[in-house]
Amino acid sequence: MKRIVTAFVLTALSVGFASADTYRFGSQVVTTGDSEGRLRQIAGKPDRETPIETPRGGLEGYRLEYFDHGKSVQIEIVDGRIRSITQLQN
């Protein structure tokens, strides 16, 4: 019984890691959880930077947008870390 529970837990954890957002800039990859500094070091200055507001109007973070080979890549930064990466086709 312990083996079944352990196998289930390990499988659930591996699925969580596989679902992390990633994006490659040249030969380097950024992923959710990386710092904003690492992102800017790899990707450079964003083409557009938009504030993300809380429901009460305060500043929650930023949405950085990069235009890369016909794609728009939106990266949300909250508390200095990448929260999500979204790729949009133009």
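**Figure 1. The S5–S6 hairpin, seen in a predicted model.** Strand S5 (residues 71-78) and strand S6 (residues 81-89) run alongside each other in the antiparallel sense, held in register over eight bridges. Keep in mind that what you're looking at is a predicted model. Start with Lys 71, whose bridge partner in S6 is Gln 89. Then move along S5 to Glu 76, which stands opposite Ser 84 in S6. The hairpin has two residues between its strands, and Asp 79 takes a positive phi near 55° there.

**Figure 2. Ser 84 and the residues around it.** This view centres on Ser 84, a residue of strand S6. Is Ser 84 buried or exposed? With a relative accessible area of 17%, Ser 84 is buried, because the cut-off for buried is under 20%. Leaving aside residues up to four places away in sequence, Ser 84 touches Asp 21, Thr 32, Gln 74, Ile 75 and Glu 76. Glu 76, one of those contacts, is also the residue standing opposite Ser 84 across the hairpin.

**Figure 3. The four-stranded sheet with helix H2 lying across it.** Now step back from the hairpin to the sheet it belongs to. Four strands make an open sheet, in the order S3-S4-S5-S6, with antiparallel pairing. Strand S3 (48-53) and S6 are the edge strands, and each of them pairs on one side only. On average, neighbouring strands of this sheet are turned by 20° against each other, direction ignored. Helix H2 (residues 36-43) lies across S3, strand S4 (59-68), S5 and S6. Relative to S4, helix H2 runs at about 15°. As for side chains, in a regular strand they alternate between the two faces of the sheet.

**Figure 4. A salt bridge between S4 and S3.** How many salt bridges does the structure hold? There are seven in the structure, and this close-up picks out the one where the side chains of Glu 65 and Arg 48 meet at 3.1 Å, N to O. The pair links distant parts of the chain, with Glu 65 in strand S4 and Arg 48 in strand S3, 17 residues apart. The two partners are covered to different degrees: Glu 65 is buried, at a relative accessible area of 8%, whereas Arg 48 is partly exposed, at 44%.

**Figure 5. Four charged residues joined by salt bridges.** Side chains of opposite charge can pair when their charged atoms come close. Here, the side chains of Glu 60 and Arg 83 meet in a salt bridge of 2.9 Å, N to O. That pair links distant parts of the chain: Glu 60 is in strand S4 and Arg 83 in strand S6, 23 residues apart. Both ends are partly exposed, Glu 60 at 29% relative accessibility and Arg 83 with a relative accessible area of 38%. Also in view is the salt bridge between the side chains of Arg 63 and Glu 76, at 3.0 Å, N to O. Arg 63 sits in strand S4 and Glu 76 in strand S5, so this pair ties together parts that are 13 residues apart in sequence. Arg 63 counts as partly exposed at 27% relative accessibility, while Glu 76 counts as buried at 15%. Through shared partners, salt bridges join Glu 60, Arg 63, Glu 76 and Arg 83 into one network.

**Figure 6. An aromatic cluster of Tyr 23, Phe 25 and Tyr 66.** Two aromatic pairs are counted in the model. In one of them, the rings of Tyr 23 and Phe 25 have their centres 4.9 Å apart and their planes at 70°, so the pair is edge-to-face. Both Tyr 23 and Phe 25 are buried. Phe 25 also pairs with Tyr 66, edge-to-face, at 5.3 Å centre to centre and 70° between the planes. Phe 25 lies in strand S1 (residues 22-25) and Tyr 66 in strand S4, so this pair ties together parts that are 41 residues apart in sequence. Phe 25 has a relative accessible area of 11%, and Tyr 66, at 4% relative accessibility, counts as buried. Taken together, the ring pairs link Tyr 23, Phe 25 and Tyr 66 into a cluster.

Notes. Residues numbered from 1 in each chain as written. Predicted model: local features only at pLDDT ≥ 70, side-chain atom pairs only at ≥ 80, totals over all residues. Heavy atoms only, no water. Pairing = 2+ DSSP bridges. Buried < 20%, exposed > 50% of the residue type's maximum accessible area, 1.4 Å probe, protein only. Contact = heavy atoms within 4.5 Å. Axes fitted to C-alpha atoms, helices over the stretch in contact; angles between N-to-C directions. Phe/Tyr/Trp six-rings, centres within 6.5 Å; stacked < 30°, edge-to-face > 60°.
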